[in-house]
Amino acid sequence: MKVPYSWLREHCDPGIDPGELAERLAMTGTEVERVSAIGPPSAEGFVVGRVLSAEPHPNADRLRVCAVDAGEGERTIVCGAPNVAAGQTVAVALPGATLPGGHKIGKAKLRGVESAGMICAAAELELGEGPPGILVLEDDGLLPGTPLAEVLPIAEPVLELEVTPNRVDCFGVYGVAREVHAISAAPLGPEPWGEDAPAEGEGDVGDCASVTVEVPDLCPRFTARVFTDVTIAPSPAWLQARLAAAGQRPINNVVDITNYAMLLTAQPLHAFDLDKVPDGALTVRAASDGERMTTLDGVERTLDPKTVLVCDRNGPSGIAGIMGGQVSEVSEGTARVLLEVASWNGSNILRTSRMLSLRSEASSRFEKQLHPELCMRAQRIASRLIVELCGAKLVPGTIDVGAEIPEPRKLVLRGERVPGLLGMPIEQADQVAYLERLGFGVEASGDDLDVTVPPDRHYDVTREVDLIEEVGRVHGLGEHLPSTLPAVAGRVGGLSREQRLRRRAEDAMRDLGFDEVVGWSFTDPGEPGRLRIPADDPRADGVVLSNPLSEDQSVMRTTVLGSLLDIAQRNLARGADHVALFESGRVYLPVAASLPKPAPNTGNSGLDVLFGEFPGERSGPCREPHRIGSLAVGPLVAKSWRGSGEPADFFALKGTLEGLAGQLGVELSVEPAEEPFLHPGRSAGIGVGGELAGWIGELNPLVCRAWDLEAGVAFEVDLGILLDASPAGEEAFEDVTTFPAVYQDLAVVVPTEVAAARLRESVLGSGGELLRSAEVFDLYEGEQLGEGEKSLALRLEFRAADRTLTDDEVVALRASIEAELVKIGGSLRG
Amino acid sequence: MLERIEEIRVEAAVAIEAAPGTAELEELRVRYLGRKAELTAILRGIAELPAEERGRVGSGANQARKQLEALLESRAGVLDASELESKLAADRVDVTLPGAPARPVGHIHLITRTTRQIEDTMVGLGYRAMEGPEVEHDYYNFTALNHPPGHPARMLQDTFYAQSDPEVLLRTHTSPVQIRSMESQPPPIFMIAPGKVYRRDSDATHSPMFHQVEGLAIGEGITLADLQGTLDEMLRAIFGAGREARMRPHFFPFTEPSVEFDVSCFQCEGSGQLGDGGRCNLCKGIGWIEVGGAGMVDPNVLGFVERNGYDPERVQGFAFGMGVERIAMLRHGVPDLRRFFDNDVRVLEQFS
């Protein structure tokens with residue numbers, strides 16, 4: 001909302017400069033985006049002048065040499081405008097004046113004739129576009145030499161307000177003036193709609209127009225007046241200047257008046273050329289499905305049955321509350337005007353304007369719900385101006401359909417609730433003063449106040465708490481509000497165990513050398529394809545957005561891998577030779593998707609959030625498990641004179657994964673398993689406590705190619721499953737010092753295809769309780785072994801909690817291990 | 001016999017003292033104390049000696065042996081030390097070569113770090129962290145937050161909707177977690193909700209995805225002044241001691257009264273001017289920097305969870321919310337919101 005400062009001061013002059021007022025407004029709830037200046041930087045040097053004579057220039061066909069009285073006797077000004085003529089009252093920029101944009105006027109010779117100033121066009125002063133040529137002022141007995149600023153708002157400061165959507169009253173200048181009055185206590189001028197126009201036309205409005213409202217719930221009030229003998233012409237300079245400063249393009253007097261009345265009252269108006277409305281009959285009805293009409297902006301629009309139309313006998317002439325049509329537009333030849341001022345259902349206007357993607361000054365006001373009372377305010381202001389400025393006659397009577405004006409709202413403000421909610425006292429007398437300045441009716445009743453809400457605030461102030469806000473903000477929070485902390489006993493803050501462990505997991509990844517990234521939650525529909533995920537995989541079925549910003553961000557991700565690859569690709573393109581990345585974040589799976597298992601396998605309800613089970617009575621529309629994903633491209637340790645910086649491979653990243661699990665005290669099982677995006681021979685599923693928690697592997701070369709990578713290795717694991725298995729914080733002490741352990745090495749020859757994990761499992765399974773660990777520490781494949789065989793060396797740790805083991809015991813355990821090894825084709829290496 | 005023992009002892013002692021290295025010393029040990037050594041033979045033959053000689057010869061030989069053993073040990077100590085010394089002297093490296101590269105330590109993203117800092121501050125003030133879904137029902141994102149369908153405030157945030165269901169959207173703020181938390185827990189409640197939110201907007205100061213932290217405090221007698229104090233504490237923890245919060249009245253559908261809150265500028269100490277007299281570029285000369293929105297929870301919002309114990313006539317409280325990126329941008333001079341999602345490792349590695 002642009003408020004020219006001179007216009008505001010006409011209704012309430014706070015007596016301070018606009019910058020200071022802007023700050024006061026900001027501190028009481030009306031943000032001022034900026035204070036801009038329209039017109040020249042200063043009014044200095046701009047005066048009223050009278051053209052005494054205008055003669056052709058001796059050396060130039062298009063120039064005139066004018067004698068101008070600008071207050072200090074006669075001066076010569078060379079002017080290029082074709083419309084300059086003797087007798088005109090004009091705006092003159094004297095030498096020394098500065099035009100908008102910074103050009104300074106000086107004495108100059110134009111084709112040999114000295115010119116002492118410039119006769120200005122409206123556009124040159126940013127007073128609106130105006131007619132072509134110089135601006136001609138009305139001669140109201142203006143004396144030459146009068147400062148132009150006394151006649152026209154030049155060098156006008158304009159407050160650009162960011163009005164909050166509840167304050168529809170401040171979408172009108174008089175509403176802003178009332179707000180300024182409330183916060184500054186400066187006097188407020190009389191309501192500008194107080195005086196109506198004399199109705200001097202012939203007959204009665206009912207003789208020349210009629211209105212039928214078929215949808216009263218969507219059109220609470222429709223008023224219409226008729227004007228005859230209208231002369232369409234450009235508006236006077238002051239009106240054009242005011243509209244221009246408020247950001248509206250002047251069009252013609254009638255249209256400008258409707259805009260002016262709207263800017264003053266917040267109530268939009270619409271003028272029809274009555275002679276283009278057959279029989280003057282208007283109908284307000286709902287559109288039929290698919291009905292079309294062309295709006296004033298020349299666009300043909302397709303409507304739906306909730307769209308409300310203002311129609312004449314031939315069809316729609318405007319979309320109610322949003323934009324008029326071309327059929328009955330006021331134009332140069334218009335002689336009779338029908339002035340519509342109506343109220344519309346705000347949410348339906350909002351809905352329709354969104355549906356049509358069409359917003360206008362009118363719709364942005366109507367959508368916030370205007371009170372029907374406002375209609376007549378606008379009618380009165382506009383009527384007076386149309387009569388005054390267009391030479392028109394107002395036909396007696398007003399058509400007023402469905403005028404069921406809501407009763408004024410009455411509220412009680414309990415005295416104790418003001419300090420009770422705000423935490424600061426406000427004297428009752430102050431409360432009364434603030435509310436009255438804001439236009440409320442107030443009567444004290446003991447400690448309480450009986451308050452009547454004015455129509456402008458009817459839909460905004462509906463409860464006691466709304467009154468408390470009004471009183472509090474006018475009183476001033478900054479100056480008066482104490483700084484205290486809630487005095488509520490017995491509260492204990494803290495992070496949940498899962499939140500603490502999630503931080504530990506993230507820190508573990510950092511300590512293992514990985515940079516955390518935050519990737520986009522959305523991706524493009526082609527990503528599953530680039531990851532070679534088949535169409536029937538649930539991961540190819542992400543949540544699709546109906547209104548994405550771009551195709552690239554139109555589907556919610558189902559893997560973290562995709563965004564990791566995008567980020568790696570960008571970094572490598574920028575010259576990085578390796579990346580080690582991780583992300584701790586969610587994926588978004590349709591509820592039907594069965595990957596991975598949603599339910600935690602223990603009764604530990606504290607872990608639910610990481611599985612996507614959130615507080616609240618309804619679960620989320622999709623499942624959002626929290627994942628840790630990681631991607632390494634290139635070496636994890638830089639190349640140096642001591643080593644070659646081998647690119648990270650499966651085992652490098654598996655070590656990282658084991659390091660992460662180790663930080664959480666979780667034991668993983670890593671078993672061969674394929675994923676479409678991984679190297680089939682170098683990929684595995686990550687098991688935790690018998691549950692599948694994720695995958696790890698080297699990337700399939702086709703996937704690498706799609707992201708311009710040479711190679712890469714990645715994992716993605718469900719953090720919920722990982723943390724669910726973590727004993728962190730619950731570990732029990734185990735005695736490892738009283739009785740010594742016995743360590744023995746075991747070299748086993750097995751067929752190549754026997755997995756190390758299988759061998760280890762077999763050893764652990766047959767070693768009994770006393771075998772505490774068995775770790776593979778060597779692998780040998782070579783000539784000394786037979787074809788298709790390999791040798792694995794394991795270190796065994798035997799220990800008993802209650803005694804020192806004897807050699808005999810260990811020998812017996814070894815024997816049983818050896819016996820078990822045979823079953824998987826293994827034998828001790830000789 | 002005793003003379004012979006003495007001869008051996010003297011000879012051996014001289015030889016041990018003169019032994020040049022540990023290898024020669026070992027030879028002497030074998031020669032004088034080994035299995036085939038004369039002294040060993042004497043000791044072994046004692047039993048065959050006449051009874052009156054056994055005592056003297058035995059004790060003489062034993063003495064000699066112990067003495068030689070002691071000499072050998074002490075000489076060995078000397079030789080070891082000097083041999084180690086010369087070995088170490090020969091074992092020199094070029095200490096000016098670069099060190100072997102350690103496996104580098106990674107970095108936590110600035111958004112995570114900033115979120116944690118806010119979480120830790122609020123935990124200290126007695127709040128718990130709650131989380132909710134990012135793909136959310138319209139009910140939690142709008143309706144229960146006092147944005148009924150058709151409410152103009154829904155225009156404030158441009159919302160991403162799911163194609164499959166017009167009632168499903170990407171949450172536009174973390175406020176739905178307020179409702180979810182109140183549904184799951186009776187008052188008093190002191191909670192924060194960090195997380196990702198989404199709006200249809202993209203430029204240097206808007207990202208379609210960004211992060212917020214929400215706070216909610218509901219109980220008996222919690223006032224707007226308590227919000228002032230809480231914001232003061234929080235902003236000091238984030239922006240440094242001596243900072244102050246300023247509340248400006250504003251409008252949000254889910255709070256009444258509503259405010260926007262600012263922090264006093266930490267670059268110019270709120271003066272709007274820099275040391276050289278120039279205008280502070282951070283707060284643009286205003287002395288205050290906008291941080292977020294807040295207010296007293298609207299009774300209509302409590303009405304949606306009244307059955308969970310939130311009777312608006314009995315309990316009241318405040319809520320606040322702010323953008324994590326904005327705070328990180330202010331604290332660290334990040335010029336463009338999109339840098340956070342660029343994830344350029346050269347930037348990530350600036351924040352350790």
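This passage describes the overall form, the interface, the cores and two helices of a predicted two-chain model.

Local features were considered at a pLDDT of at least 70 and side-chain atom pairs at pLDDT 80 or more, whereas totals for chains, interfaces and linings use all residues of this predicted model. Residues are numbered from 1 along each chain as its sequence is written, and chains are lettered from A and ligands numbered from 1 in the order of writing. The predictor assigns the complex an ipTM of 0.86 and a pTM of 0.85. For chain B the average pLDDT (the predictor's confidence in each residue, from 0 to 100) is 90, and 98% of the residues score at least 70.

Chain A contains 21 helices and 41 strands, helices (H or I, at least four residues) and strands (E, at least two) being DSSP runs numbered from the N terminus. Its radius of gyration, taken over C-alpha atoms, is compared with a globule rule of 2.2 Å times the number of residues to the power 0.38. Chain A is more spread out than a compact globule, because its radius of gyration of 41 Å is well over the 28 Å that the rule gives for 830 residues. The C-alpha trace of chain A spans about 130 × 80 × 60 Å along its principal axes. Of the 830 residues, 48% are buried, that is, have 20 or more other C-beta atoms, placed from the backbone, within 10 Å of their own (exposed: 12 or fewer; partly exposed: in between). Contacts are defined by C-beta atoms, placed from the backbone, within 7 Å; among those in chain A between residues at least 6 apart in sequence, 71% join residues at least 24 apart.

Chain B comprises 12 helices and 10 strands. Its radius of gyration is 42 Å, against a value near 20 Å for a compact globule of 352 residues, and its C-alpha trace spans about 125 × 55 × 45 Å along the principal axes. Buried residues account for 45% of the 352 residues in chain B.

At the interface, 84 residues of chain A contact 84 residues of chain B. Elements that each supply at least two residues of the chain A side include helix H7 (346–356), helix H14 (497–511) and strand E30 (579–586). The chain A side divides into 42 nonpolar, 22 polar and 20 charged residues, where Ala, Val, Leu, Ile, Met, Phe, Trp, Tyr, Cys and Pro count as nonpolar, Asp, Glu, Lys and Arg as charged, and the others, Gly among them, as polar.

A nonpolar core is a set of buried Ala, Val, Leu, Ile, Met, Phe, Trp, Tyr and Cys residues joined through C-beta atoms within 7 Å. The largest has 296 residues, and A:Ile119, A:Leu135 and A:Val337 have the most contacts inside it. Helix H9 (residues 374–389) of chain A contributes the largest share of this core, nine residues. Another core, of 15 residues, lies apart from it and includes A:Val750 and A:Leu794.

Two helices of chain A were examined individually, with an expected span of 1.5 Å times one less than the number of residues. Helix H3 (residues 173–184) has 12 residues and reaches 16 Å from its first C-alpha to its last, close to the 16 Å expected. In H3(A), 12 of the 12 residues are buried, among them A:Arg178 and A:Glu179. A:Ala185, just after H3(A), adopts a positive phi of about 65°. Helix H6 (residues 253–265) has 13 residues and reaches 18 Å, close to the 18 Å expected. H6(A) is largely enclosed by the rest of the structure, because 13 of its 13 residues are buried. A:Ala266 follows H6(A) and has a positive phi near 80°.
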